[in-house]
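Let's take a walk through this protein together, from its strands out to its charged side chains and a couple of backbone oddities. Have the viewer open and follow along.

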Amino acid sequence: MVEQNVPQRDSAALITVDMQNDFLRSDSPVKASGVKSALPNIERLVRGFREHRKPIFHSVRLYRPDGTNVDLFRRTAVEEGMRVLMPGTRGADLVAEISPCKARLMPDALLAGEFQELARNEYAFYKPRWGAFFSTGLDAQLRELGITTIVICGVNFPTGGRATVYEGAARDYRVIVVGDALGDASEDSLRELGRLGAYQKTTSACLEWLAGGQRSSAA
């Protein structure tokens, strides 16, 4: 019997989580952990999806200076003057390592719920909370493109990465988690995702799969 949740290469898209300068700056109050080891693999995944002309969606956070759209966890800090992920700043932009042509984000359009096309088959979109699906148009965009399989990488795995995996699985997407391209992802936390039917691959194995090599193995 064929498993229903086996990833489908021909209808796959890459989702990056929180790949913004303020999350990677060494002096940032919201600096993510595990960036040094994950970033080269994230770059490789993005290049691979571009080469195979597969859709890429970059999920980003934006904090209004008055804190009105900030999650409760950080709202007070922003209201009291913490300036991170501010719309229109370089800190909120995608890191140069994965940004196509170092494209600047358009905060007004993103905050209005629009998807900014950065390059062919590549988009940025604003997520108001941890997960990439929560109160965003990502599900509709993926359905319109016929996407059935999502590959997840990025930073902040304990928050944004994990939430995106759960949200994607809850919407019946086939999910591939690229553990060595996820900042701060422990072996134990990744192993637990197998109960959701998520598949795990290394960056090299994912790129091999994308190119038509061996099939993914379950988490």
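Strand β1 has cover on both of its faces: A12, L14 and T16 on one side are buried, and so are A13, I15 and V17 on the other. With six of its six residues buried, β1 is therefore largely enclosed by the rest of the structure. Keep in mind, as you look around, that this is a predicted model.

Which strands pair with β1? One partner is β2 (residues 56-60), which runs parallel to β1 and is joined to it by four bridges. If you would like a landmark for that pairing, find V17, whose bridge partner in β2 is S59. Another partner is β5, also parallel to β1, with six bridges between the two. Here L14 is a handy marker, since it stands opposite V151 in β5.

Now move over to β5 itself, which spans residues 149-154 and has six of its six residues buried. As with β1, you can sort these residues by face: T149, V151 and C153 belong to one side, while I150, I152 and G154 belong to the other, and both sides are covered. Beyond the pairing with β1, β5 is joined by five bridges to β6 (residues 174-182), again in parallel. On this side, I152 is the residue to pick out, because it stands opposite V177 in β6, a pairing that follows from DSSP bridges. Between these two strands the chain passes through helix α6 (residues 157-170), and β5, α6 and β6 together make a right-handed β-α-β unit.

With the strands in place, let's turn to the charges. Side chains of opposite charge can pair when their charged atoms come close. How many salt bridges does the structure hold? There are nine. One of them links D18 and K127, whose closest N and O atoms are 2.9 Å apart. D18 sits in the loop between β1 and α1 (21-24), and K127 in the loop between β4 (122-126) and α5 (138-145), so this pair ties together parts that are 109 residues apart in sequence. Are these two partners buried or exposed? D18 has 0% relative accessibility and so counts as buried. K127 likewise counts as buried, at 0% relative accessibility.

Helix α5 offers another salt bridge, between R143 and D139, with the closest N and O atoms 3.0 Å apart. The two residues are four apart in the helix, so about one helical turn separates them. R143 counts as partly exposed, at 44% relative accessibility, and D139 is partly exposed too, with a relative accessible area of 24%.

A salt bridge within a helix also turns up in α7 (residues 187-192), where E187 and R191 lie four residues apart, about one turn of the helix. Their closest N and O atoms are 3.9 Å apart, which still makes a salt bridge because the cut-off is 4 Å. E187 is exposed, with a relative accessible area of 63%. Elsewhere, D22, R25 and D27 are linked in a network of salt bridges.

What about a charged residue that is buried yet has no salt bridge? R74, found in helix α3 (residues 72-79), is such a case: the nearest side chain of opposite charge is D71, 5.1 Å away. That distance does not qualify because a salt bridge needs the atoms within 4 Å. What the side chain of R74 does make is a polar contact with the side chain of Y63, at 3.0 Å. Leaving aside neighbours within four places in sequence, R74 is in contact with F23, V30, Y63, M82 and W130.

Finally, have a look at the backbone. Most residues other than glycine have a negative phi. C101, which is not a glycine, has a positive phi of about 55°. You will find C101 in the loop between α3 and α4 (107-111), where it is exposed, with a relative accessible area of 82%. N121 is also a residue other than glycine with a positive phi, near 65°. N121 has its place in the loop between β3 (116-119) and β4, and is partly exposed, with a relative accessible area of 24%.

Technical notes: Residues numbered from 1 in each chain as written. Predicted model: local features only at pLDDT ≥ 70, side-chain atom pairs only at ≥ 80, totals over all residues. Heavy atoms only, no water. Buried < 20%, exposed > 50% of the residue type's maximum accessible area, 1.4 Å probe, protein only. Lys, Arg positive; Asp, Glu negative; His and termini not counted. Polar contact = N/O pair within 3.5 Å; in protein donor to acceptor, adjacent residues only side chain to side chain. Contact = heavy atoms within 4.5 Å. Right-handed = clockwise from strand over helix to strand, strands pointing away.
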